[in-house]
Amino acid sequence: MLTIPFKLIVVTCFLCGILCCFLDHANPTAADPRIPAIAKHFGTKGRYEEVNPHLIEDILAVNTSILQRPSAQCREVHVTAIVRHGTRYPTTKNVKKMQQLHKLVRASRHEEEEEEEWLREIRYHWKMWYTAGMDGRLAQKGVSDHKHLAVRLSKLFPSLLSEENLRGGRVKFITSSKHRCVNSTLAFKGGLTELWGMEGEEFDHDVNDALMRFFDHCRKFVKDVDNNPSAMLELDRFRSGPEMRRVQEKIADRLRVPYMLITDDMAEAAFYLCAYEFAIKTVNSPWCQLFDVVDAQVMEYANDLKQFWKRGYGYDINSKSSCILFHDVFSRLDKAISESRSGQQSTEAVTVLVGHAETLLPLLTLLGFFKDSDRLTSANYATQAQRSFRTGLILPYAANLLLVLYDCGEGGMRLQPLLNEKPLSFPGMVDHQASVPLYRDVKESYRELLRGCNFETECQLFS
């Protein structure tokens, strides 16, 4: 009989304990019962904390090492931040779907059968509290998203996002007219005024839908994509395909209802119930028990397909509709460079532009970020597991693209992109300083867009 020395057992258990502690610290979401196992697959309905798990433990934590200054000479002279609104309530359309599913579940009771605790919870005890009047409004969690983001960015850029610059009018705010964006803007400003003991003081913001909701004003996009049912053909095919059908069958089995009752809309409603309960209330809802990780990956892909074809690389006009925002951003950077080179005090140290996922994704696409070698289609789900186009990582609530401009003296002006407070590299930049390239090299790589990409020309309709 094989005997194992007692000391070896003790040492092994001790090392395993250390390893487990390390893994739990490295990944705060590991085995946390408050967090659904499928939380990373919620796509555009996901929390910002799933992209940055360290914020779960400390929502104001900042990693200053992400600012990769090429030399000690470099100093930040301007930041443009394009930010999605914070966590919101579901739209009226989705609330109606969720209400329909809830009624279906409650109507299909099986008193004589023994049911799992989670199923009894949603069938008998869970209350439908979502109402049509919520219609995409900012939730309290969304207010916190932007307050906390403002504080973190002030810690990351103390010389730019400062009390002095805010009071001096050198921090500019521009927002979409939608209530969730206006209220996110107010929350961002509130985070700064509370930080500096300036409660009650108000600072202006501009409402500019031409800039932040350009997609509504691009006639070609509206006609060819937004109002064109055939533009979403790949999504429709996937939603009626075998992967989605299997998810629907598994949901029906778990609910103990006939397959015919769980349509693709009902599967989506169940997924949204899990996602919204978590994003808004930080609750691991019993609705989440309707999905395992494999199911969630299918639901995530369906959402990514929609975003790919409606806002991303699916059609050229999707990205070209953002030409007006693209030129606006580079105009601000050019102005900041001119002022820095002439020794003037910056008139606009920070620009905060608050919009939508539909604002950010077309611009990121125009800039060439997250472009995979193969397009997302209904037929290649199995080969897209490692895709970079994953909206849950790109566009959670409060997602943000930061463009940080450095004056490096004789080292030139340099530009660093950050997405969700993480470094990015501009596509096509391959030298050792690709993450913080010379501004002139960035402009050279986008020279065709800077010379063209005229919003009026791209968006006009030809008879």
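How many of the seven residues of strand β6 (residues 413-419) are buried? In this predicted model, seven of the seven residues of β6 are buried, and the strand is accordingly described as mostly covered. The strand belongs to an open sheet of seven strands with mixed pairing, ordered β3-β2-β4-β1-β5-β6-β7, and the points below move from that sheet to its helices, the empty spaces and two buried residues.

**The sheet and its edges**

- The edge strands of the sheet are β3 (206-207) and β7 (422-423), each of which pairs on one side only.
- Strand β1 (residues 75-84) and strand β5 (residues 400-407) run antiparallel and are joined by eight bridges, and within this part of the sheet arginine 75 stands opposite aspartate 407 in β5.

**Strand β6 and its two hairpins**

- Both faces of β6 are covered, with Met413, Leu415, Pro417 and Leu419 buried on one side and Arg414, Gln416 and Leu418 buried on the other.
- Strands β5 and β6 pair in the antiparallel sense over seven bridges, and leucine 418 in β6 is the bridge partner of leucine 402.
- The hairpin of β5 and β6 has five residues between the strands, and glycine 409 in that hairpin takes a positive phi near 60°.
- Towards the edge, β6 and β7 run antiparallel and are joined by two bridges, with proline 423 in β7 as the bridge partner of leucine 418.
- The hairpin formed by β6 and β7 has two residues between the strands, and asparagine 420 in its turn has a positive phi of about 55°.

**Helices on the sheet**

- Helix α6 (residues 140-156) lies across β1, β4 (350-355) and β5, and it runs at about 165° to β1.
- Helix α8 (residues 179-195) also packs on the sheet, where it touches β2 (171-175) and β4, its direction making about 160° with that of β2.

**Cavity and pocket**

- A search of the whole structure finds one cavity of 30 Å³ or more, and about 60 Å³ of space lies in the largest cavity.
- The lining of the largest cavity consists of Val79, Ala81, Leu153, Phe157, Leu161, Phe188, Val350, Val352 and Leu402, and the elements that give two or more residues to this lining are β1 and β4.
- The largest pocket holds about 1200 Å³ of space and is lined by 43 residues, of which Lys93, Asn94, Lys306, Lys310 and Glu358 lie nearest its centre.
- Among the elements that give two or more residues to the lining of the largest pocket are α4 (92-107), α8, α14 (264-281) and α18 (357-366), while the largest share, seven residues, comes from α15.

**Two buried residues in helices**

- Asparagine 165 lies in helix α7 (residues 163-167) and counts as buried because its relative accessibility is 8%, which falls under the 20% cut-off.
- The side chain of asparagine 165 reaches the backbone oxygen of serine 159 at 3.4 Å; leaving aside neighbours within four places in sequence, the contacts of asparagine 165 are Ser159, Leu160, Arg170, Val171 and Ala349.
- Valine 51, placed in helix α2 (residues 48-51), likewise counts as buried, because its relative accessibility is 6%.
- Leaving aside neighbours within four places in sequence, valine 51 is in contact with Gly392, Leu393, Pro396, Asn420 and Lys422, and Asn420 is the residue with positive phi in the turn between β6 and β7.
- Valine 51 and arginine 254 are 203 residues apart in sequence, and their C-alpha atoms are 30 Å apart in space.

Conventions. Residues are numbered from 1 along each chain as its sequence is written. This is a predicted model: local features need pLDDT of at least 70, side-chain atom pairs count only at pLDDT 80 or more; totals for chains, interfaces and linings use all residues. Side-chain values use heavy atoms; hydrogens and water are left out. Helices (H or I, at least four residues) and strands (E, at least two) are DSSP runs, numbered from the N terminus. Buried means under 20% relative accessible area, exposed over 50%, partly exposed in between (1.4 Å probe, protein chains only). A polar contact is a pair of N or O atoms within 3.5 Å; within protein, one must be able to donate a hydrogen and the other to accept it, and residues adjacent in sequence count only if both atoms are side-chain atoms. Contact means heavy atoms within 4.5 Å. Two strands pair if DSSP finds at least two bridges between them. Axes are lines fitted to C-alpha atoms, for helices over the stretch in contact, and angles run from 0 to 180 degrees between N-to-C directions. On a 1 Å grid over the protein atoms alone, a cavity is a set of points where a 1.4 Å probe fits but cannot get out, and a pocket is an open set with protein on both sides within 12 Å along at least five of seven lines; lining residues have an atom within 4 Å of a point. Grid points are joined across faces, edges and corners, and a volume is the space filled by probe spheres set on the points.
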